[in-house]
Amino acid sequence: MAKQDFYEILGISKDASAAEIKKAYRKKAIEFHPDKNPDDSNAEEKFKKAAEAYEVLSDADKKARYDRYGHQAFENGGGFGGGAGGMNMDDIFSQFGDIFGGGGGFGGFGGGRGRAQVKGSNLRIRVKLTLEEIANGVEKKIKVKRKKVAKGTTYKTCSTCNGQGQVTRIQNTILGRMQTSAPCNTCGGSGQTIDSKPSNADAHGMLSTEETVSIKIPAGVVEGMQLKVSGKGNEAPGNGISGDLLVAIEEQAHPTLQREGDNLHYDLYISFSEAALGTSKEIDAVTGKVRIKIESGVQSGKILRLRNKGIPSINNYGSGDLLVHVNVWTPKTLNKEQKEFFEKMNEDSNFQPNPEKEDKSFFEKVKDMFT
């Protein structure tokens, strides 16, 4: 079943500003907040969908990728996600606590969600891919250095906030007594502090480790695209949740192919005699070797289109084409016999340029290629 459009979920247009996106999300979150709709699974599902939409649309990079590729930008390969589809309620309250006024409750809609769940920091890596890997999709095993909670580390309830994760202050102002809440400085909002840890762990009970992470990369990715592997960033102290591993795609240059969107271009050079007599050539494609037939009398600049031999669309709209540009190679030096041969051919009317109507100009060929 197709996923609902993020803009439709929040009830906004695609040109909505960041402030409008935030306002729309807060309105939906208040409407479907669990504290306001107890035991209502339908409201909870809408609450999660709104959080998923906001997580993407509030991030400029994720929003740009969503506008270009839709849900497919985050879902191909199964291991990636840009939204809150895999979040639980604590994840949502942890990430968007500012929307909920600091805690998790909205005014009188209950409380009890004050303690923030600490999330480990994200890690960022770059992965170089060949055109063949991009065309077929690939699984990469990458060694990643990440922080993990050391074995033997234990935590206890923070004595400053009594495990609430935040402290409440009451101030007397000219308007009367004002109550404010803020994250606890002692535990950083987690509600827990170190009880015991191994001697080789840092102050938070963490150790640097090296781990091999398997990354499934879908076919059709493009240079600069960022994929996310959830939970493979740094772990968080206590009962926090792990950060994410952000994977930036880097496309390696191909020795014979040039990429343009989902299409590929190949420059094929043939001799005068091959152009006059016709020939067949084997060329590189991302799916393997392809043999093509060159008709006799082919002109330099001819473009042969091999359909669906390009890069698959990341949106599953099929594949691009392989465009073979035929170039007739002119010898740069001639010996005496060759020179005499061509001088004689100059007198032959069959060797005089005589383009027919179907012999299109270079401009027309380029125009045809894009229409």
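Which residue in β9 does glutamine 226 stand opposite? The partner is alanine 248, and this pairing is a handy way into the structure. Please keep in mind as you look around that this is a predicted model. The tour below starts with the sheet around that residue pair, moves on to the salt bridges, of which the structure holds 18, and ends with the aromatic pairs, which number 6.

**The three-stranded sheet**

- The strands β1, β9 and β8 form an open sheet of 3 strands, in the order β1-β9-β8, and the pairing within it is mixed.
- At the edges stand β1 (123–129) and β8 (226–229); each has a single partner strand, so one side of each is left without a neighbour in the sheet.
- From one strand to the next, the twist averages 30°.
- Strand β9 (residues 245–251) pairs with β8 in the antiparallel sense, over 4 bridges.
- Back to the opening question: glutamine 226 has alanine 248 of β9 standing opposite.

**A salt bridge between separate parts of the chain**

- Glutamate 52 and lysine 3 meet through their side chains in a salt bridge, at 2.4 Å from N to O.
- Glutamate 52 belongs to helix α3 (residues 41–57), while lysine 3 lies in the segment before α1 (6–10), so this pair ties together parts that are 49 residues apart in sequence.
- How accessible is each partner? Glutamate 52 has 10% relative accessibility and counts as buried, whereas lysine 3, at 36%, counts as partly exposed.

**A salt bridge within helix α4**

- Lysine 63 forms a salt bridge with aspartate 67, and their closest N and O atoms are 3.2 Å apart.
- Both residues sit in helix α4 (residues 60–69); they are 4 residues apart, which means that about one helical turn separates them.
- Here the lysine is the buried partner, with a relative accessible area of 16% for lysine 63, while aspartate 67 is partly exposed at 36%.

**Another pair, and a network**

- Arginine 259 and glutamate 251 also join their side chains in a salt bridge, with an N to O distance of 2.8 Å.
- Arginine 259 is buried, its relative accessible area being 18%, and glutamate 251 is partly exposed at 24%.
- Elsewhere in the list of ion pairs, Glu55, Lys62, Lys119, Lys228 and Asp244 are joined into one network by salt bridges that share partners.

**Aromatic pairs**

- Among the 6 aromatic pairs, tyrosine 269 and tryptophan 329 are arranged edge-to-face, with 5.9 Å centre to centre and 80° between the planes.
- Where do these two rings come from? Tyrosine 269 lies in strand β11 (residues 263–270) and tryptophan 329 in the loop between β15 (322–328) and α9 (336–345), so the pair ties together parts that are 60 residues apart in sequence.
- Tyrosine 269 counts as partly exposed, at 47% relative accessibility, and tryptophan 329 is partly exposed too, with a relative accessible area of 45%.
- There is also a cluster to find: Phe6, Tyr7 and Tyr66 are linked by ring pairs.

Methods: Residues numbered from 1 in each chain as written. Predicted model: local features only at pLDDT ≥ 70, side-chain atom pairs only at ≥ 80, totals over all residues. Heavy atoms only, no water. Salt bridge = Lys/Arg side-chain N within 4 Å of Asp/Glu carboxyl O. Helix = DSSP H or I, 4+ residues; strand = E, 2+ residues; numbered from the N terminus. Buried < 20%, exposed > 50% of the residue type's maximum accessible area, 1.4 Å probe, protein only. Pairing = 2+ DSSP bridges. Axes fitted to C-alpha atoms, helices over the stretch in contact; angles between N-to-C directions. Phe/Tyr/Trp six-rings, centres within 6.5 Å; stacked < 30°, edge-to-face > 60°.
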